[in-house]
Amino acid sequence: MDKSYFSIANSPGMWAVCAVVFVVCAAQAIVFVKKSYRAGLAMNLHKRQLHAGMRSAAITAIGPSCSVMIGMMSLIVSLGGPMAWQRCSIVGSVQYELSAAQVGATINGTVLGAAEYGAAAWVTSFWICVLGAAGWLLIVGIFCPQFDRMKEKLIGNNLGKLSLFSSSTMVGLFAYLCSPYAVDVKNAPNLASFLGGVIIMLALSILSNRLKNKRLKEWSLGISMVAGMLCAIPFL
Amino acid sequence: MESNTSGVYKAYTKNIILWGRIFMLLGLMASLLPGIYLAVVYQIVPPWDKVLQGMALMVPFLLGGWFVEPIAFFPVLGISGTYLSWLTGNIANIRIPVSIMAQETGEVQESTPEGDILSTLGIGISVLVTLVILAVGAFMGTSVISMLPEIIQKALSYLLPATFGAIFAGFTMRAPALGLIAFVMAVVTIVLGLPSWLRMLIVVFGSIIIAFTMQSHKSKKQASASASK
């Protein structure tokens, strides 16, 4: 069994070079948070509003982040801790990294997790993961201001139109994202979680409107995510 | 007062573009580092012809996504959210939900400069939360998972459908007809077996076009109704 690469994959040097992605991403988040916080105050937003937004974002992010962390474990087995950590901390999703890593294995005549998956396949997986994800970084890095100009040309600055634009985008995006779960009726836990999320969100929205409860309205998404997920449990 | 707000926001956006570009470049370089390190220190280089073969397999699937995905998410994320989200990933499952939550609890209107500020704050904080949780997971390995109750571990892998379903339901409440049409379009594109980037293109841009058509139809009706009065 050629697992000799594993001592390199988990060496202190690898931890150090893989940690750089963590540092860059954290630095960007801190810089952007600082800038938007300052701009928010200058735009007469109240500190209370900014803090409430930050708090709810932090709380909402915990569940999905844990879910990604559990997914990362399947990458750790093949890529080693540091590299799996690096790949999950930067653009791409666990599913993308897994399939890119699998392509690297297949091209070398093996599969992830097989005894023959050695150093050559490992490093091929890495480069395919990185180069595939580089596309997003490059496109956004180069063209992001153009997206904005495109939007301005199409929609202008009318608030009603802008809001219709973003809410119809949201409807389209999430119809696209959730439809596979609705169609795949054989996967009962997924289907239960999807239906749970939909029904609980509808119920909470109607209820919070009836009761005119602002708190409930604000948290209805967070509650629906977790409660919907719990609907999957009876079907496991 | 109004011009002051928009002046601040304009300067902020200009500054964000500069920093966004810098961080995208830094992120790209940082992601290459382990490969360079392995090559220099251990002489572990991949068989480059195989990397090329692999990329030849991947690129047809990725190419559409590289362009379509950032554009499709842009109306929701805005400039700052786009830079933050596309450096760190996990957009539909983490960044969008927290953007919605931050704007709700911050009591600002979507699609306004104030909405963008709250969205950016929320996404930025969520990036830090994700990074810390992943770091803990990577350092502690599988032992951290065994600290979670087994039922929660299992359930967490089903968080995604509930998240997508809840967000879809929330926005469909505002425009039920559009939501239903979008959903039918999405299912039809699955049945037709289209590649995912093309499905995304059709469903997202289809929804936008239909929403605007419905809107202009409605306002025309109103206009003709008030004219006939």
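At what angle do helix α3 (residues 91–105) of chain B and helix α7 (residues 159–174) of chain B pack, and how far apart are their axes? In this predicted model, the angle is about 40° and the axes lie 10 Å apart. That value makes α3(B) oblique to α7(B), because angles under 35 degrees would count as roughly parallel and those from 65 to 115 as roughly perpendicular. The crossing in which α3(B) passes α7(B) is left-handed. On the α3(B) side, the contact is made by Ala92(B), Asn93(B), Ile96(B), Pro97(B) and Ile100(B). From α7(B) come Leu160(B), Thr163(B), Phe164(B) and Ile167(B). Sorted by class, the residues of this contact are 7 nonpolar and 2 polar, with no charged ones.

**A second partner for α3(B)**

Helix α3(B) also packs with helix α2 (residues 48–88) of chain B, here at an angle of about 100° and with the axes 11 Å apart. The two helices, α2(B) and α3(B), are therefore roughly perpendicular to each other. Phe73(B), Val76(B), Gly81(B) and Ser85(B) are the residues that α2(B) brings to this meeting. They face Ile91(B), Arg95(B), Ile96(B) and Ser99(B) of α3(B). The class count for this contact is 4 nonpolar, 3 polar and 1 charged. If you are following along in the viewer, Ile96(B) is a handy residue to pick: it belongs to the contact of α3(B) with α7(B), and it also takes part in the contact with α2(B).

Here are the two packings together:

| Helix pair | Angle | Axis separation |
|---|---|---|
| α3(B) and α7(B) | about 40° | 10 Å |
| α2(B) and α3(B) | about 100° | 11 Å |

**Where the chains touch**

How many residues of chain B are in contact with chain A? The count is 136 residues of chain B, against 130 residues of chain A. Helix α1 (residues 2–42) of chain B gives the most to the chain B side, with 26 residues. By class, that side has 91 nonpolar, 36 polar and 9 charged residues.

**Chain A as a whole**

Turning to the other chain, the secondary structure of chain A comes to 9 helices and 0 strands. Its C-alpha trace spans about 65 × 45 × 35 Å along the principal axes. Of the 236 residues in chain A, 53% count as buried. Among contacts in chain A with a separation of 6 or more, 55% are between residues 24 or more positions apart.

**Helix lengths and what follows**

Helix α2 (residues 12–42) of chain A has 31 residues, which at 1.5 Å a residue should span 45 Å; its end C-alpha atoms are 45 Å apart, so the two values agree. Just after α2(A), Asn44(A) takes a positive phi of about 70°.

Helix α8 (residues 188–211) of chain A has 24 residues and an expected span of 34 Å, and its end C-alpha atoms are 33 Å apart, which agrees. Lys212(A) follows α8(A), and its phi is positive, near 55°.

In chain B, the 16 residues of helix α8 (residues 176–191) reach 23 Å from first C-alpha to last, close to the expected 22 Å. Which residues of α8(B) are buried? They are Leu178(B), Gly179(B), Ile181(B), Ala182(B), Phe183(B), Met185(B), Ala186(B) and Thr189(B). Just after α8(B) comes Gly193(B), with a positive phi of about 70°.

Technical notes. Residues are numbered from 1 along each chain as its sequence is written. Chains are lettered from A and ligands numbered from 1 in the order in which they are written. This is a predicted model: local features need pLDDT of at least 70, side-chain atom pairs count only at pLDDT 80 or more; totals for chains, interfaces and linings use all residues. Axes are lines fitted to C-alpha atoms, for helices over the stretch in contact, and angles run from 0 to 180 degrees between N-to-C directions. Helices (H or I, at least four residues) and strands (E, at least two) are DSSP runs, numbered from the N terminus. Angles under 35 degrees count as roughly parallel, over 145 as roughly antiparallel, 65 to 115 as roughly perpendicular and the rest as oblique. A crossing is left-handed if the near helix is turned anticlockwise from the far one by less than a right angle, and right-handed if clockwise. Two residues are in contact if their C-beta atoms, placed from the backbone, lie within 7 Å. Ala, Val, Leu, Ile, Met, Phe, Trp, Tyr, Cys and Pro count as nonpolar, Asp, Glu, Lys and Arg as charged, and the others, Gly among them, as polar. The expected span of a helix is 1.5 Å times one less than its number of residues. A residue is buried if 20 or more other C-beta atoms lie within 10 Å of its own, exposed if 12 or fewer, and partly exposed in between; C-beta atoms are placed from the backbone.
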